[in-house]
Amino acid sequence: MPETEPNVLFANHSTAKLLAIVSVEHSERVRCGQPNCGHSVYRRIHVVRENSKLMVLGSTCFAKRYGNDAALGSARFGGGEGKPLTQAERELLVNNTQALLEQFEIEAAALEAAKVKPTPPTVLQPRPFRAIQHVIASVPPRETPWEWVKPLSSVIFLKLKDGSGWMRAQRRDDKHLLVPWPVFEGWDEALPPLFGPIDSACGGHLLPDVIAALRYLRNHAEWETKPGRWRDVLTEIASRTASS
Ligand SMILES: [Zn+2]
């Protein structure tokens, strides 16, 4: 039924976001998601969020749908020929694209953490990506990328009007920390003294008064997630970021 759903065939440029460009083995080609296309694609596969719906498009259909190759700017993850996917990631691309994107977020966060804290290596050891992927492919990850976080504790994320983002997490000794998310230049001087000293091992403020800290943040926040498990909070950030 080629002409029954015109609004599915045409792009909504205002809300579309290019999230990733990925590639798979030729023998592992995936189906292009453009209605009525039906082609199998393996290089420069474009993952787009449009009206809160994720689409997996071949590069030709992407260019047709949005006008040209560069219509949506550069991808948040991958580029060029596309980030090569492992077998497990390819399965996620097909069956749970959202989970694949969350996995990319976690990898990026681990990379970011590794970049900002080069020393001492024993304190902050980003887990090898293969290990992260293995965990995600087998069981949903339940914990944060940070080793110091108290198991089963919840986190909350607040996006401030100045563009910075902060994650409140709890340490194993029950102390609360506020960690920049993502880490940015000058984060350790961005907040007033009420946020307490920097814990350089954890890469955040050690909060002397979590209530006062949250009150301050909420007064300066554009939005915040519901408090919850790491994965749920990341999902909420991803959906809010994609729709904003
Ligand atoms: Zn196509």
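This passage describes the overall fold and one antiparallel sheet of a predicted protein model. Because the model is predicted, local features were required to have pLDDT of at least 70 and side-chain atom pairs counted only at pLDDT 80 or more, whereas totals for chains, interfaces and linings use all residues. Residues are numbered from 1 along each chain as its sequence is written.

The protein has seven helices and 12 strands, assigned as DSSP runs (helices H or I, at least four residues; strands E, at least two) and numbered from the N terminus. Of its 244 residues, 32% count as buried, that is, with 20 or more other C-beta atoms, placed from the backbone, within 10 Å of their own.

Six strands form an open antiparallel sheet in the order β10-β11-β9-β8-β7-β12, where pairing requires at least two DSSP bridges between two strands; the edge strands, β10 (198–199) and β12 (221–224), each pair on one side only. Helix α6 (residues 210–219) packs on this sheet, touching β7 (156–160), β8 (165–170), β9 and β12, and its direction makes about 115 degrees with that of β12; contacts are C-beta pairs within 7 Å, and angles run from 0 to 180 degrees between N-to-C directions of axes fitted to C-alpha atoms, for helices over the stretch in contact.

Strand β9 (residues 176–180) pairs with β11 (residues 204–206) over two bridges, with Leu-177 opposite Leu-206, and is joined to β8 by five bridges, with Met-167 opposite Val-179. Five residues lie between β8 and β9 in their hairpin, and Asp-174 in the turn has a positive phi of about 75 degrees. Five of the five residues of β9 are buried, so this strand is largely enclosed by the rest of the structure: His-176, Leu-178 and Pro-180 cover one side, and Leu-177 and Val-179 are buried on the other.

Terms used:
A residue is buried if 20 or more other C-beta atoms lie within 10 Å of its own, exposed if 12 or fewer, and partly exposed in between; C-beta atoms are placed from the backbone. Two residues are in contact if their C-beta atoms, placed from the backbone, lie within 7 Å.
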